[in-house]
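Hello,

Here is the structure I said I would pass on. My notes on it come after the sequence and coordinates.

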Amino acid sequence: MTTPAIKVEGISYAYGDIEAVKSVSFEVAQGEILGFLGPNGAGKSTTIKVLTGQLTPHSGKASILGVDVKKDSPEIQAQIGVCFEEKNLYLNMTAVENLSFFASLFRIKNVDIEGLLYRVGLGDRAKDRVKNYSKGMQQRLMVARSLVNSPKVLFLDEPTDGLDPVSSQAIRQIIKDEARRGAAVLLTTHDMHEADELSDRVVFLNEGKIYAMDKPETLKLKHGKRSVRVRFRENGDVKEQIVALDESSTGEQLKSAVDTEGILTIHTEEATLEDIFVQMTGRGLKG
Amino acid sequence: MNALISRIAIVGSIIKKDLTEFVRDRLWILLSALGLVFYVGIFWLLPSTVDETITVGIRQTGLDIALQEMIEAEDEGLKVVLFESSERLKAAVAGEIETQKEIQIGIDFPDDFLSKTLRQEKAIVRVYVASGVPKEISRAMSSLVREIAHMISGDDLPFTEPDEQTVVLGEDRMGNHVPFRDKMRPMLVFFILMVETFALASLIASEIQAKTVTAVLVTPARTGDVLAAKTILGTLLAFAQSVVLLLAVAALGENVLLVLCIVLLAALMVAGIAMITGSSGKDFLSTLIYGMIFMVLLVIPAFAALFPGMASPWVKILPSYGIVEAMVGATIYGKGWGESTPYLALIAVWDSIILGSGLLVLKKKAEAL
């Protein structure tokens, strides 16, 4: 049995009286992408801070590649990459200097910095100072920085936040490639479509607690309502009929709807992760 | 051993990065360069010699030459200029005669001064004093007139003095007056160190405020590596700039090792203050304000060290007093390690307090981000 890349057993953390993470447990295997879904203040970033050694859990146990995170081991840090939610780059330095500095902290000498920058679409601006970058470019550099040591475990906190659709798609492709390379990825996001597209499994986190953890498809099948929406014209007016697919009379209703004259469109519909999140927690993801 | 090499390499990388950031910060580079040029310029513009002669104008027909010799014999620092009339003497003291601007005190002896003095009668002698002359000098002139009257009348003074008229307690600096610009050397070094404090504080504040230190701490670099790098770079930058200034103002002639040791201790203090102010400020302005508070606190003792006898006891225990006093002793009066040890000890104690506090504040701040 292989050791999970990330193993979390009942960790809790509180900022004073406010409990940010309450007895959270999960595992992430090598090559797996685990999506952490939750609104602001759900405990996503705190969980990442605990796992990356920035905070010490008040209770519970967490390990990265089999090593307890409380041990403050540089060997663990050498194997992880972190992309923070806040853009914490050295603005007076160039992209190459930023990445070279972090490569030197990992004591890696032969990093293909330029290749990495081309991978995130910054190859042409490699020698520009970061303060002259747009927010989207800085975000892409943040992602590149998290990959400088070819990490075995990757923590990505809102990696596509503020990016245009094309850049977002490029970053998503990089995340998929990293997982294919064998990296375990813990991805936090507000974006349900991103979570749905990328994650092998998702965790619904709200008020520091895990509400659900499963494959997106399983969650949707288990908790979401599937239906067919039929739009038709009747006496000059456009009307619509929604047929639920999980009821005993579904077949008859569907046949009746399809037999209707003047059909305009027929769409199958399934619940989104956000619908299920709202259904389970009573809160929206962007709250 | 490998772990140690790894730590040293990481500290080296952080120092290199900090140096790049420091050099790229145009504001502080410009201020540091301007500071150096300004302070060196000030030094070379200040007078290099000391003229402590007091020029006194006197008027007394008939006795003027004898009085002149008598007064000049009383004190080597007195020079006498004779005047024919009271009006002209008053005009000279008032600064109305362009060619005799140096006369700040006038003694107007009446025509019957000699006859009345010999008859033991009271003569009225007027002493004119320019507005800027300190009270103690005008009082000294009045005493001089009384002494002259006693000498002319042949009366003994109502007290006797030993052969050695004045017993100097401490070092006798008579005839060995120090030019003001030499006294200013330690103060200029102190000012450069203060500018450096702001520059380093700004560097630390930007790292804290941008949370770049958080990114560093999720790599194999530890908080201790960051602290070591900041201490080493901060101290080296402050030390290097001070040495450049000392060379430019020709202050490394004697006691070189002692002077460098004092500057090194001062640079450590600067690194500590920069850590405290850089970590405490929430933005550029608050960092500047915290820095100013330290500067005001430290500049008072530094000035007091330049004017012996003026420092209150509480001022003498502050680190800047020790720094300036030790440098004055080493660069001006040739004091060695033995005489400077109390000051070095004072600075070292303060260094451990300030640098220790700075490291603690920076560590807590970096880990709490």
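The notes below go from confidence to the interface, then to each chain in turn.

**Confidence**

Please keep in mind that this is a predicted model. The scores for the whole model are ipTM 0.86 and pTM 0.77. For chain B, mean pLDDT comes to 83, with 86% of the residues at 70 or more. Within chain B, helix α3 (residues 64–74) has the lowest confidence, a mean of 67, while α8(B) has the highest, at 94.

**Interface between chain B and chain A**

The contact involves 29 residues of chain A and 26 residues of chain B. The two chains bury about 2,300 Å² between them, and carbon and sulfur atoms account for 59% of that area.

There are 2 salt bridges between chain B and chain A. One of them pairs Lys211(B) with Glu86(A), with 2.9 Å between the closest N and O atoms. As for polar contacts, 7 residue pairs across the interface meet the rule, counting pairs in which both residues have pLDDT 80 or more.

Which helices of chain B each supply at least two residues to the side that touches chain A? They are α1 (2–24) and α8 (212–217). The largest share of that side comes from α1(B), with 11 residues. Sorted by class, the side of chain B that touches chain A holds 12 nonpolar, 8 charged and 6 polar residues.

**Chain B**

Chain B has 369 residues, of which 47% count as buried. Its secondary structure consists of 14 helices and 4 strands. If one takes the contacts in chain B between residues at least 6 apart in sequence, 74% of them join residues at least 24 apart.

Helix α4 (residues 86–93) is the part of chain B I looked at in some detail. Its buried residues include Ser86(B) and Leu89(B), and Ala91(B), Ala92(B) and Val93(B) at the C-terminal end of the range are buried as well. What do the buried residues of α4(B) pack against? The partners are β1 (54–59), β3 (103–108) and β4 (126–129) of chain B. After α4(B) comes Gly95(B), which has a positive phi, near 80°.

**Chain A**

I went through a few single residues here, starting with those in the first strands.

Ser12(A) sits in strand β1 (residues 6–15) of chain A. Is Ser12(A) buried or exposed? Its relative accessible area is 15%, under the 20% limit, so Ser12(A) is buried. Setting aside residues up to four places away in sequence, Ser12(A) touches Val21(A), Lys22(A) and Ser23(A), and also Pro57(A), His58(A) and Ser59(A).

Ser23(A), one of those partners, belongs to strand β2 of chain A. Its phi is positive, near 45°, and Ser23(A) is not a glycine. With a relative accessible area of 52%, Ser23(A) is exposed, because the cut-off for that class is over 50%.

Ile18(A) is also in β2, the strand that covers residues 18–28 of chain A. The relative accessible area of Ile18(A) is 60%, so this residue counts as exposed. Measuring from C-alpha to C-alpha in the model, Ile18(A) is 40 Å from Arg129(A), and the two are 111 residues apart in sequence.

Thr47(A) lies in helix α1 (residues 44–51) of chain A. Its relative accessibility is 0%, so Thr47(A) is classed as buried. Beyond its neighbours within four places in sequence, Thr47(A) is in contact with Ile11(A), Val21(A), Phe26(A), Phe36(A) and Leu205(A). Val21(A) is thus a partner of Thr47(A) and of Ser12(A).

Where is Glu207(A)? Glu207(A) is in the loop between β9 (201–206) and β10 (209–214) of chain A. This is another residue other than glycine with a positive phi, here near 50°. Glu207(A) is partly exposed, with a relative accessible area of 43%.

Regards

Notes:
Residues numbered from 1 in each chain as written. Chains lettered and ligands numbered in written order. Predicted model: local features only at pLDDT ≥ 70, side-chain atom pairs only at ≥ 80, totals over all residues. Heavy atoms only, no water. Contact = heavy atoms within 4.5 Å. Buried area = accessible area lost by both parts, 1.4 Å probe. Salt bridge = Lys/Arg side-chain N within 4 Å of Asp/Glu carboxyl O. Polar contact = N/O pair within 3.5 Å; in protein donor to acceptor, adjacent residues only side chain to side chain. Nonpolar A, V, L, I, M, F, W, Y, C, P; charged D, E, K, R; others polar. pLDDT = per-residue confidence, 0-100. Buried < 20%, exposed > 50% of the residue type's maximum accessible area, 1.4 Å probe, protein only.
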